[in-house]
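The following exercises concern a two-chain model and are each followed by a worked solution. Please examine the sequence and the coordinates before reading the solutions.

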Amino acid sequence: MLSVFLCVLNRDLTLALRRRTDVLTTLLFFVIVVSLFPLGVGSERELLRLLGPGVVWVAALLASMLALERLFAADYDDGTLEQLLLAGQPLSLLVLAKIVAHWLLTGLPLVIIAPLMAMQYALEATAIWVMMAALALGTPVLSLLGAIGAALTLGLRGGGILLSLLILPLYIPVLVYGAGAVSVSVIEIADTQPYFALLGAFLLGGLVLAPPAAAAALRISME
Amino acid sequence: MKINWFKYAAPTAFYPLAGRLVPVLAVAAAALVLFALYWGFFETPERLGGTNPQKEYYRIIFIHVPAAWMSMWLYLVLAAWSAVGLVFNTRLSFMMTNAVAPTGAIFTFLALWTGAFWGRPSWGTYWDWDPRLTSELILFFLYIGFMALHSAIDDSRRADRAAALLAIVGLVMLPIIYWSINCPDPNNCAALHQRSSLTDIESNILTAMLVMTLGFWLYSFAAAFARLRNIILLREQDSAWVRTMVDAAGAGGPANAGGGDALDANRRGVSA
């Protein structure tokens, strides 16, 4: 089981790293969206400090959603996906491997570059740490949930717009608690632990439930 | 006596049954709604609440609360039929999901809309990011997403199954919506909405509200069945029983001929 998981993971990572622009465009999209807000709303430090957590989270949501289309699309086009469905291995495991690869390529870079973005918004050091931790817990949930939507909209015309309509409502709890953790960390007496507990619960629940759901969605889309 | 539980699972058998039920349900729904409106306007106190009562404008509760209840309940119905469809692979279950979704979306919209009108006099604002308003809005998006996904897929079998799976995935949001409304501990929930309490409400208000809910419920049945009949005809248009029925209706007189022509036109459109 583990070797199958690692094999798919390795394959997806290798393929993506041979076409690095795809990975970089997601990251640049994130950076540009976050940088646009101060130009639009003004650059007072107090205002930015207030807006920062939400803006970074919304940008992360949009960036990971834009990248979702690529999760299955290339494999769908060249027929690899059919082979994965026919393989004698549990499909949810293969899907989980693809999701993990997808997160390593789109979610993890966002977590790493987030401190830089947070500094644009004049956030304190503690808030920056909280933001990184919240993103590290939250972005995998985005990839997991998004995989279901990506599988459902596979090969449809206008799939990208439709995908956002299906998936963004489901992203809302992650956004609320992810941004909430960062906002709360600014207040000295407030405790961020409940937020992390909830984000962790989302992640565990997603890890268990999302791969089978995405696998079922793939079977529906491919039959 | 042996009951055949699956007799009405066949569209052929359900179509005439729905046809007989729709007028009955519709009339009963209208009667109950009218009664509830009368009771709500004339038999209830002028104020709601104790220390800081709401004046006449509280009467929007008779639409708002039943609509909000129905919006959640119908999503549960939608998800349940989706699950039945995916498990037993019955055509009628999927048709039922498609028939229920628009009604659910309408009730969700109604709850939001009446809520805005109620919020203006009581809170001083049409919209606030109160957890209940937000979660009801998410519910609305879930309904829209279901219908959008279904209509985006041309192959009806794939559309049915994909939308059903989405409805079940969306079910994870329902507890969040439910508990944002019925918060377990009001001290932990910063919300404009008061805690809902059916027990301390004035009995005439409660009567009007519950009768209205029943009326909305029957209306949902009537609307869903009426829509279901159309969906059955569209989906089964190539089957023998629909052809015979339409031909008979066409021969019956000019008043009924339109149905057959429309179906023929639709059929040509599909095959073209």
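A residue counts as buried if 20 or more other C-beta atoms lie within 10 Å of its own, as exposed if 12 or fewer do, and as partly exposed in between. The model is predicted.

**Exercise 1. The fold of chain B**

Determine how many helices and strands chain B has, and what share of its residues counts as buried.

Solution. Step one is the count of elements: chain B contains 9 helices and 0 strands. Step two is their order, and along the sequence the pattern reads α-α-α-α-α-α-α-α-α. Step three applies the burial criterion, by which 34% of the 272 residues of chain B are buried. Step four turns to contacts with a separation of 6 or more: within chain B, 73% of these join residues 24 or more positions apart.

**Exercise 2. The contact between the chains**

Establish how many residues each chain brings to the contact, and which helix of chain A gives the most.

Solution. Chain A contributes 16 residues and chain B contributes 17 residues. On the side of chain A that touches chain B, helix 6 (125-152), helix 7 (159-185) and helix 8 (193-222) each supply at least two residues. Helix 7 of chain A gives the most, with 7 residues. Sorted by class, this side of chain A has 14 nonpolar and 2 polar residues, and no charged ones.

**Exercise 3. Helix 7 of chain A against helix 4 of chain B**

Describe how helix 7 of chain A and helix 4 of chain B pack, and which residues meet.

Solution. Two packed helices are described by the angle between their axes and the distance between the axes. For helix 7 of chain A and helix 4 (residues 131-152) of chain B, the angle is about 155 degrees and the axes are 9 Å apart. Angles over 145 degrees count as roughly antiparallel; the two helices are therefore roughly antiparallel to each other. Their crossing is left-handed. From helix 7 of chain A, the residues involved are Leu162(A), Leu165(A), Leu166(A), Pro169(A) and Ile172(A). Their partners in helix 4 of chain B include Ile138(B), Phe141(B), Gly145(B) and Leu149(B). By class, the contact of these two helices has 12 nonpolar residues, 1 polar residue and no charged residues.

**Exercise 4. Helix 8 of chain A against helix 5 of chain B**

Apply the reasoning to helix 8 of chain A and helix 5 of chain B.

Solution. The axes of helix 8 of chain A and helix 5 (residues 156-170) of chain B come within 9 Å and cross at roughly 165 degrees. This crossing angle makes helix 8 of chain A roughly antiparallel to helix 5 of chain B. Helix 8 of chain A passes helix 5 of chain B in a left-handed crossing. Among the residues that meet are Ala213(A), Ile220(A) and Ser221(A) in helix 8 of chain A, and Arg158(B), Arg161(B) and Leu165(B) in helix 5 of chain B. This contact has 7 nonpolar, 1 polar and 2 charged residues.

**Exercise 5. Positive phi values**

Locate Ala122(A) and Asn89(B), and state their phi values and exposure.

Solution. Most residues other than glycine have a negative phi. Ala122(A), with phi near 55 degrees, lies in the loop between helix 5 (91-120) and helix 6 of chain A. Ala122(A) has 16 other C-beta atoms within 10 Å, so it is partly exposed. Asn89(B), with phi near 60 degrees, lies in the loop between helix 2 (61-88) and helix 3 (91-123) of chain B. Asn89(B) has 12 other C-beta atoms within 10 Å and is therefore exposed.

Notes. Residues are numbered from 1 along each chain as its sequence is written. Chains are lettered from A and ligands numbered from 1 in the order in which they are written. This is a predicted model: local features need pLDDT of at least 70, side-chain atom pairs count only at pLDDT 80 or more; totals for chains, interfaces and linings use all residues. Two residues are in contact if their C-beta atoms, placed from the backbone, lie within 7 Å. Helices (H or I, at least four residues) and strands (E, at least two) are DSSP runs, numbered from the N terminus. Ala, Val, Leu, Ile, Met, Phe, Trp, Tyr, Cys and Pro count as nonpolar, Asp, Glu, Lys and Arg as charged, and the others, Gly among them, as polar. Axes are lines fitted to C-alpha atoms, for helices over the stretch in contact, and angles run from 0 to 180 degrees between N-to-C directions. Angles under 35 degrees count as roughly parallel, over 145 as roughly antiparallel, 65 to 115 as roughly perpendicular and the rest as oblique. A crossing is left-handed if the near helix is turned anticlockwise from the far one by less than a right angle, and right-handed if clockwise.
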